[in-house]
Amino acid sequence: MTTSEPVHTGAPNPDACDTATVDADRDAEAKKAAAQREAEDQEEEQRRIRLLRVMQSIDRQTDLASLKDSVQGIQKISRSDKSHSRALTGLIYDDAAMVAKMLRLINAAFYKTAGGGNITDLQTAVALMGFQNVGMVASALMLFERLPKGADGDKLRLEFARSQLAALLAQDFCHSRKHYDNVYVTSLFQRLGDMLAGLHFQEDAQVIEDKLDMRELEPGSIARHEAREQLARELWGMGIEDIGIQVAEQWGWPPAVLAGMKTLHPADPEQPVSESEYLRALCTGANGLAEELMLLPATGDAEALQAARKAVVQGFALRYAGPLGLDPELLPAMVERSKAIWDELVKVLGISLNENGVTAKAAAAPNKPDPNSSAYRKMLAEDLADAVEHLSRLNRRGATADEVIDTGLRLMMKALDLQRAIVCLHDPAEAGLKGHTGVGDKAVVLASLFKIPLQPPNELFGLLCLKNADTLITDASDPVISQRLPDWFKTRVRAGAFLVLPMVSERGVMGMLYGDQAVTGRLVVHDRALVLLKNLRGQILSAIIKAKQD
């Protein structure tokens, strides 16, 4: 009888299994890394495209293009050893009134230097301050004079006034001889990106600010600055600060000023910043302090106003006195001195402030008749009739649904003097309505909160839409109404009065038009206006239905 060892066939080899596993893991990691690199490359390409669009948009602006040519001409003269002050004078202005403003700016900006405060012509200014500084102050005034009229322009004028205050503060705080010549213009232009964003991308810039407000980030805080720059990079491919630096570089600004335009918040409030960080930190602190001071009331009891400023300055001292080597005891007097010069300066520039510190023009309410008067009813009917006709023309030429919606919201907001207007559209996945877009105060941000269940409805908006009931709520705080409003409306939207216009077709509820005012009592819709609002809604609904059919 013969015996033999058992033969094992097909048995796994542990070493081979381990090798295969390692190879598979390595391949998976390689594919993951390749996919990540591809995603990063795509993201970078998208960022580059967005950045290119932003800069092209800025360059296409006629006013900014002419400003760029003027500024570059000034910089060319400023850097030339053979330049003569008459050449700079001729390039800046041939308008006596503008030269007077220019001299006032220079006297305020360099009041602490020899001859400062008593400069009566540009030749003297150049002799005392040099071509470079005078040229950059001239550039600031050129930018100011190109700001648009109206509410948007008033906001930018307020920003320009803030930058002037920041520049005066920075110059007064500066104790570094190395940086003194550049501190005024660096602080003045550190937030150039804000001016450019507000000038060329008003709506996008406002949406960014609205999102920051919704997060309840304090003005001037590091958290707000960082979040703001991140939102800007997501939207435009670069931060607001970087936009300003890039444009300033195109204008030919000197490297020292460009470097100082980058904000720097001191990491340690007790540790002095380095010499290389000093200019950036000083200008950052001055701009933040100016912003806080601008938020204070502009009129009232003098002692109370001074005490409020002193409290703000004390807060500034806790953060910046150590890093910048400033004496906290001397700061209140320095701020008062700069503020007094600034008060005169804004008058010369024609910027008027009301009791809340905002420009009087921007704060002025529209000159409209009493909502209960016959004059108002007539005006409202005419405005709404024009709006309906405008939307009708858009539909006839085949405009997109989004264009019709956006135009309709703007026309409705203007006619009814609304705080904001929002459109919600049906979302099958949510079995209800969802905010699509909006115009007006924080409308783009607040639109995302509008989530209105329809099956079943559990609050006022859903009930009104299912009943197809056009409804005007004149007082949202009424307990009967308030208890039926969703929590997000009461805590985030907080409107005093609002209008609801459901959009219903044979298919069911397709959307809702919403408009509100901050206070009660002024949102009035008479019979003729309601008929016209229904027609306006009909034009928007037609565009939406057509888009779904296409």
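This passage looks at salt bridges and at one pair of packed helices in a predicted model.

Salt bridges make a good starting point, and the model contains 24 of them. One joins the side chains of Arg-162 and Glu-159, with a distance of 2.7 Å from N to O. Both partners belong to helix α7, which spans residues 151-173, and they sit three residues apart, or about one turn of the helix. What is the relative accessibility of Arg-162, and is the residue buried or exposed? The value is 3%, and because buried means under 20% relative accessible area, Arg-162 counts as buried. Glu-159 has a relative accessibility of 15%, so this residue counts as buried too.

A second salt bridge brings together the side chains of Arg-228 and Asp-194, at 2.3 Å from N to O. Here the partners come from distant parts of the chain: Arg-228 lies in helix α11 (residues 222-236) and Asp-194 in helix α9 (residues 192-200), with their positions 34 residues apart in the numbering. Both Arg-228 and Asp-194 are buried.

A third example is the salt bridge between Asp-213 and Lys-442, whose closest N and O atoms are 3.5 Å apart. This pair also links distant parts of the chain, as Asp-213 is in helix α10 (residues 202-214) while Lys-442 is in the loop between β2 (432-440) and α20 (443-447), 229 residues apart. Asp-213 has a relative accessibility of 32% and therefore counts as partly exposed. Lys-442 is likewise partly exposed, with a relative accessible area of 22%. Salt bridges with shared partners tie these residues into one network, made up of Asp-194, Glu-209, Asp-213, Arg-224, Arg-228, Arg-420, Asp-441, Lys-442 and Asp-516.

Attention now turns to the helix pair. How do helix α14 (residues 275-294) and helix α15 (residues 302-324) cross? Their axes come within 10 Å of each other, at an angle of roughly 170°. Because angles over 145 degrees count as roughly antiparallel, α14 and α15 are roughly antiparallel to each other. On the α14 side, the residues making the contact include Tyr-278, Ala-281, Leu-282, Gly-285 and Leu-289. On the α15 side, they include Arg-309, Val-312, Val-313, Phe-316 and Tyr-320. Sorted by class, the contact of α14 with α15 has 11 nonpolar, two polar and three charged residues.

Key: Residues numbered from 1 in each chain as written. Predicted model: local features only at pLDDT ≥ 70, side-chain atom pairs only at ≥ 80, totals over all residues. Heavy atoms only, no water. Salt bridge = Lys/Arg side-chain N within 4 Å of Asp/Glu carboxyl O. Helix = DSSP H or I, 4+ residues; strand = E, 2+ residues; numbered from the N terminus. Buried < 20%, exposed > 50% of the residue type's maximum accessible area, 1.4 Å probe, protein only. Axes fitted to C-alpha atoms, helices over the stretch in contact; angles between N-to-C directions. Parallel < 35°, antiparallel > 145°, perpendicular 65-115°, else oblique. Contact = heavy atoms within 4.5 Å. Nonpolar A, V, L, I, M, F, W, Y, C, P; charged D, E, K, R; others polar.
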